[in-house]
Amino acid sequence: MNGPSKILRFLLRLVCPRERRAETEGDLMEAFERWAEDRGQVRARIRLGMEILQLGAWRAVGLVRGNREREEAPSRGRRLETLIMDVRYGFRRILKNPASSAVAILLLTVGIGGNATVFTAVQEVFLKPPPLIRAPEELVGLQSTMGGRLIAEFGYYDYEFYRDEGEAFSDVLAYGGFPGSQGRRTDNGGGEVAVGQNDQVELAGAWVVSGNYFRVLGTPMALGPGFSAAVQAGEPNHPEVVLSHGYWTRALGGDRSVLSRPLVLNGVAFRVAGVTPPEFRGVNPGQPLPDLFIPILQAEALSAGYNEQLRRFQEDGSPSASRFLRLVARLEPGVDMDQAQAEATLLQRRWDAEFTSWAESVYGQTFQVGVSPQFYMAPGEIRQLRQALFFLWFVVGAVFLIGCTNLALLLLAQVSGREREMGIRASMGAARRRLLAQLTTESLVLSALGGVAGLGLAVIGTQAIPATLPMNFRDGFRPDVGVVLFTFGLAAVAAVLFGTLPAWKLSRVDVAALIQRPGQARTRAVFRGGLVVGQTALSILLLVGGGLLGRSAQNIRSVDLGFDPDGRWIFGTQLDNRGYSEEEGLAFLSNALDRLAQEPGIRWASVCNRAPFLGSNTLSFTAPGTDFTDQGLQTGVNLVGPDYFDAMGINILAGRAIERDDNTGSPYVAVVNETFAARMWPGENALGKTLDFFGESITVVGIAETVVYYNVRESPRRHVYVSSFQFYQGMQNIVVAAEPTAATLVRRIEQAFRELDPNLALVPMSLEGLVDTQTSSFRVWTNLIGIFAAVALFLALVGLYGVQSYLVSRRTREIGIRMAVGAERGMVVRSVVRWGLMMGGIGTLIGLVAALLASRFVRGFLFGVSPNDPVVFSVVPALLMAACFAASMLPALRASRISPVEALTEE
Amino acid sequence: MSESRLREFEELVLLSVLIAAPEAYGASLQKVLAEEAGRAVSLGAIYTALDRLAHKGLVRSELGDPTPVRGGRRKRQYELTELGLEQVWEARRVRERMWSRVAPASFDGGGR
């Protein structure tokens, strides 16, 4: 035997008294050798573990049984015995004081559960790589930086370049939305690819992935062989698709025969190459998993001209400007991060040499490329998540501390009741250390119960937490072994935090004094005062945070969007899916708008390439005679149809809107927003000016009000509108402004489109819903912080009230004497309330200073409110002081009703 | 709790100590119990029984010298006290007396 393992040794130490350890170990070793000879090493090891456990069990049984017979004489080597006794005693005390124990356990449950929840999320987001990815430590994400701004997406040309030229990379994979929208699906289940035929068309969300996607990740299929060799090699004309497990069970009923029959996508038969395992979450767990994984070069079958667009080179030889793919590289064995970064820089230089002029003309800047070990998310996403999670952690941490403080107060209040018990134990010969151990065990029992309940809370909490995070963790999180360990570690910390002080005080009883005059052992008010101050300060911090977020939420709700979402609907569609050419697409749009104009209940109908809040086109314009003659000005761009501004309710400030006649036959026109005009032509009238855009000259015919484009929290953005009928894109959104009474509108519009093209899939979205999604994370945050702040305030007040009541009860005799010698009731009340207000006041001051220091950390979460908002910083302290007053007043009034006679006769 | 009578397991342990003597310690007793009585008993159970027997004054123990085997760890060697010998002998006498009164015919019916 090569000696028992460390764990077994530790266990042995736990169950075996020291003076018996050597001989027991010897016996175990000897027996182990015999077992190993008879049954083999593995079984012998198992047997050894069992033996040690049984040793513990036998010892426990023997001790418990023996207790009744033997004198209580704690000594070395009887640790287990005393522990069992203490645990039993702890449980007895809990049962004896059900009310205060329930409060204690509840406090611990909330504190520990909240922390375990946040810990689960932190662990899943930052500490664990996404599941079912082989050797994730070899993977790096590629990101480009442009003028200090990080861009996580690349074009297809870049992908082939890094895959084929990167010597430090054994392989590179790419994934992105189809087509170009990050695999985003609207909440009502709409998507981008039409699955099925004729009347049974349903939409599914799709990603395009490089053919080697699953191979590079090392992810096996749950069903099917995966992409064929031809697809992996990038050969065109092999329409294959991999289904996500969720989609396969949801839409196809988990039917295993899908492998043997084609799946019709956008009218084209695709071979189902496989189904992902149920645990697979993709590369980025913060993105919803798509329904379909389509090899990027096979998307041509879904959308004619797709591959050409991917690889399209501009007339000057530059690659397509469409950047929508995220790249993940697997490093060659032995390559470290520095080497990978050096390689990326080298490749970037070669890329620059070819395309610098192109990048500068389109984006106004060149790129820097970097590698990051956090391959699964873009740095910006990680930063946002980290901010959100650490803020959450701060909040639950503060509640945890307040809870522990309260428990300490609760237990301190019981000190007087137990001084006698401790005195008797001490006089019977119990050492101080023994008393401390017993009291600490009692706290541990309490907190272990709190820990178990907290773990239960965490199981619920982890399902709810994705709503508070900036990304889409649709599946929620599940606590694992690490979380369980964390929870019980935290419970132990709680036991120390709330148990030490009372235990310390209790174990220090003066036996002689106690026996003479029970209830008079000294516990100073300073400690309690300190705890009350600490609680108040923490509650102030949380309340200020809650107040600032609440004001932000209020501001967001009342933000001026610049358009009116009321009664407005958007119907998303993808004309490429139907294989329309540009002419057919334009004809379809024209027919659709004519058809909708006849529909009753519709005030305006128009079309646009990008719906509000759902992605953007960013391009760069030059204009002769401005600061942007050579280097372009970056701006958001939308392609919009006639009546767009009326349909959205956006004001035209000067000139005209895009009209029906702005089509392929007429001169190019643009409407710019105020912000764009002010930047491009400061102090001048923008109307009639010209813009250059990919060699075309466009005349500005109108100026529109600046509105909100991508995000309700954005600062004013530059925006240019060009005509849908002059610049065509397959992605189109029909915008409809309805009469308030048009109840059946959605169904009628869907019907109208079906008449035009029965195979076209539409995704209806209300503009109000889109706005609502924007503000929902704020609402969740505000509610969450609000709840925690309310809990904190309540706890702090309960704590203050408890301390005051306790102090009053301790001073009964003193108050009685004072009143007997002529003190007035008012004076008694004042003296009690004064103490409460003083503690509350000190706590408030400390809390306010801390809040002023801390509030800058929450700046990123605020909207339209300063981190030092005077309203919040004056209302919160006032509220808290009022609450402190109330919490002190009740015990004070009770004190004033003390009858001097009773007080004096009281022992 | 009456301490005069031996429990069956205690009796087996006492016998094992006699069989294993002079090398009667935890592991050897476990081996004897396995081989002679066909019982797989955990060391914890043996120690507990030995403790109880020591408490009753039926066995005594002393620590042996360290030996190079088993990592130089000492053995606690057990032997029966006079009282222990008496009791185990008494147990045997009781059994033999009773066995002698068992009629052979009824034993045949028991089957084997």
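1. In this predicted model, the interface between the two chains brings 19 residues of chain B into contact with 17 residues of chain A. On the chain B side, the elements that give two or more residues are α2 (26-36) and α3 (43-55). The most is given by α3(B), with 6 residues. By class, the residues on this side of chain B comprise 6 nonpolar, 6 polar and 7 charged.

2. One helix pair across the interface merits separate comment. The axes of α2(A), residues 18-39, and α2(B) come within 8 Å and cross at roughly 40°. At that angle α2(A) is oblique to α2(B), because the value falls neither under 35 degrees nor in the range 65 to 115. From α2(A), the residues involved are Asp27(A), Glu30(A), Ala31(A) and Arg34(A), and they meet Gly26(B), Ala27(B), Gln30(B) and Lys31(B) of α2(B). This contact of α2(A) with α2(B) has 2 nonpolar, 2 polar and 4 charged residues.

3. Within chain B, α2(B) also packs against α1(B). The axes of α1(B) and α2(B) come within 9 Å, with a crossing angle of roughly 105°, and α1(B) is therefore roughly perpendicular to α2(B). On the α1(B) side the contact is made by Leu12(B), Val13(B), Ser16(B), Val17(B), Ile19(B) and Ala20(B), and on the α2(B) side by Ser28(B), Leu29(B), Val32(B), Leu33(B) and Glu36(B). The class division here is 8 nonpolar, 2 polar and 1 charged.

4. The peptide bond between Ala21(B) and Pro22(B) should be inspected. This bond is cis, with omega about 5°. Pro22(B) is found in the loop between α1 (8-20) and α2 of chain B. As a general matter, most peptide bonds are trans.

5. Two residues of chain A have backbone angles that call for a similar check. Leu132(A), which is not a glycine, has a positive phi near 65°; this residue lies in the loop between α5 (98-127) and β1 (139-146) of chain A. Leu132(A) counts as partly exposed because it has 19 C-beta neighbours inside 10 Å, where 20 or more would make it buried. Asp643(A), also not a glycine, has a positive phi of about 65° and lies in the loop between β16 (633-640) and α18 (644-648) of chain A. With 21 C-beta neighbours inside 10 Å, Asp643(A) counts as buried.

6. The largest nonpolar core has 77 residues, of which Val399(A), Ala408(A), Ala494(A), Leu542(A) and Ala792(A) touch the most other members. Several helices of chain A each supply at least two residues of this core, among them α5, α12 (379-427), α14 (481-507), α16 (525-557) and α21 (767-810). The largest share, 18 residues, comes from α12(A). The core draws at least three residues from each of domain 2 (79-129 + 385-521) and domain 4 (524-560 + 779-907) of chain A.

7. Which residues is Leu542(A) in contact with, leaving aside its neighbours within four places in sequence? They are Val395(A), Ala398(A), Phe788(A), Ala789(A) and Ala792(A). A second, separate core of 71 residues includes Ile133(A), Val242(A), Leu347(A) and Trp351(A).

Terms used: Residues numbered from 1 in each chain as written. Chains lettered and ligands numbered in written order. Predicted model: local features only at pLDDT ≥ 70, side-chain atom pairs only at ≥ 80, totals over all residues. Contact = placed C-beta atoms within 7 Å. Helix = DSSP H or I, 4+ residues; strand = E, 2+ residues; numbered from the N terminus. Nonpolar A, V, L, I, M, F, W, Y, C, P; charged D, E, K, R; others polar. Axes fitted to C-alpha atoms, helices over the stretch in contact; angles between N-to-C directions. Parallel < 35°, antiparallel > 145°, perpendicular 65-115°, else oblique. Buried ≥ 20, exposed ≤ 12 C-beta atoms within 10 Å, placed from the backbone. Core = buried A, V, L, I, M, F, W, Y, C linked by C-beta atoms within 7 Å. Domains from an automatic or database assignment.
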